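This report examines one protein chain, from the surroundings of a single side chain to helix packing and charged pairs. The sequence and structure are shown first.

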Amino acid sequence: MLWTKLTKCGIIILKGGSRMPVFFTHSQPIILMKNEITYHSHYHYEAELVYVVKGAYRVISKGVTYDLHEGDIWLGFPFDEHSYINIGDNETMLGIFSPEHIGPVGRLLCTRRPVCPVVNVSALSPGFGDELIRIAQLWMAICRRDRIIRGCDPKSIFDTRYVGFPIARESVMLYLSAAISELLGAMELSPHDSTGVYSIQKIMSFCADNISDPELSMSKLTTAVGLSRSQISRLMSSMMKTSFPEFLHSLRIQQARSLLKFTDKPVTDIVFECGFMSQRNFNRVFREIVGMTPSEFRERCKTLGNDETI
């Protein structure tokens, strides 16, 4: 089971004024019950599951709109662009997890694509929806307990710096794997070329593992992943809608955002921990991507607390 040191990381890439978050492969799973989730268009390596317990919900995936109602489940596959829009009051189970987190079943998420990504619980075994809710409740309880033990804010959904209780966490992943297996069995699936998915995963993993290296370059990346410069550039352009320099800046700035929000480390320490060679360059890139200075961002975090939008 793959648990990482770089936990939850969302990378904000600015493209013509719009934001495009990318969540790379080694993030901790996020499984929770939530009301009124609205999120702009984004894509990431992780799979994503939305189960509407009550109310209605709208998911726009790859340009197709799906109006979900009570009992509907939408499953997003790696690198499928999608967004969420609330339709009135609702209660939703949300799961975000990498294919590696659910074992062999996860490979199907990379090598197959559904004709329709929506299934109603009526097409699945009795009590399937209740099982999804229990998975979310178990995961949230484990994470909440661990945050309290480690002195983190138990209400912070995205503060996933904890290591966790491996046996308990992997047990929940086994339940999730079984649920995803049944869900995929109810879908009509077609083959999908997984070469690009796995290559992008390797690229993102290497960059994440070497984020503090100020000399991290395309040359080092090509050697590490066994691809040429042109292959990497084409993959990042077609699948991630970005370039290597843009991705690296975004990755480093998101790590800086996390450190500014969840630690009291001086900005000067964060600069070098995130791989920047000077504070001046760090401040410039941070303002370009986040829209404010690092000091302003940290002050905003203190003011708004655990607001998930910052």
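In this predicted model, Arg298 touches Leu259, Leu260, Thr263, Asp264, Lys265 and Ile270, leaving aside residues up to four places away in sequence. Arg298 belongs to helix α10, which covers residues 294–304. Although Arg298 is buried, it has no salt bridge. The nearest side chain of opposite charge is that of Asp264, at 5.7 Å. A salt bridge requires a side-chain nitrogen of Lys or Arg within 4 Å of a carboxyl oxygen of Asp or Glu. Asp264 thus appears both among the residues that Arg298 touches and as the nearest side chain of opposite charge.

**Packing of α9 and α10**

Helix α10 also packs with helix α9, which is formed by residues 279–290. Two packed helices are described by the angle between their axes and the distance between the axes. For α9 and α10 the angle is about 55°, and the axes lie 9 Å apart. The two helices are therefore oblique to each other. On the α9 side, the contact comprises Phe282, Asn283, Phe286, Arg287 and Val290. These residues meet Pro294, Glu296 and Phe297 of α10. Sorted by class, the contact of α9 with α10 contains five nonpolar, one polar and two charged residues.

**The chain as a whole**

The protein chain contains ten helices and eleven strands. Of its 310 residues, 51% are buried. Among contacts with a separation of 6 or more, 67% are between residues 24 or more positions apart.

**Salt bridges**

How many salt bridges are there in the model? The count comes to seven. Three of the pairs are described here, beginning with the table of their N to O distances.

| Positive residue | Negative residue | Closest N to O distance |
|---|---|---|
| Lys62 | Asp80 | 3.9 Å |
| Arg134 | Glu131 | 2.3 Å |
| Arg284 | Glu288 | 3.1 Å |

The side chains of Lys62 and Asp80 meet in a salt bridge that links distant parts of the chain, with the two positions 18 residues apart in sequence numbering. Lys62 lies in the loop between β5 (47–61) and β6 (64–69), whereas Asp80 lies in the loop between β7 (72–76) and β8 (82–97). Lys62 counts as exposed because its relative accessibility is 53%, whereas Asp80 is buried, with a relative accessible area of 7%.

Arg134 and Glu131 are both found in helix α2 (residues 128–149). They are three residues apart, which is about one turn of the helix. Arg134 counts as partly exposed, at 42% relative accessibility, and Glu131 is also placed in the partly exposed class, at 36%.

The pair formed by Glu288 and Arg284 lies in helix α9. Because these residues are four positions apart in the helix, about one helical turn separates them. Glu288 is partly exposed, with a relative accessible area of 49%. Arg284 is likewise partly exposed, at 42%. Elsewhere, salt bridges that share partners join Lys62, Asp80 and Arg113 into one network.

**Summary**

Helix α10 holds Arg298, a buried residue without a salt bridge, and packs against α9 with an angle of about 55° between them. Helix α9 contains the pair Glu288 and Arg284, whose closest N and O atoms are 3.1 Å apart.

Definitions and conventions:
Residues numbered from 1 in each chain as written. Predicted model: local features only at pLDDT ≥ 70, side-chain atom pairs only at ≥ 80, totals over all residues. Heavy atoms only, no water. Buried < 20%, exposed > 50% of the residue type's maximum accessible area, 1.4 Å probe, protein only. Lys, Arg positive; Asp, Glu negative; His and termini not counted. Contact = heavy atoms within 4.5 Å. Axes fitted to C-alpha atoms, helices over the stretch in contact; angles between N-to-C directions. Parallel < 35°, antiparallel > 145°, perpendicular 65-115°, else oblique. Nonpolar A, V, L, I, M, F, W, Y, C, P; charged D, E, K, R; others polar.
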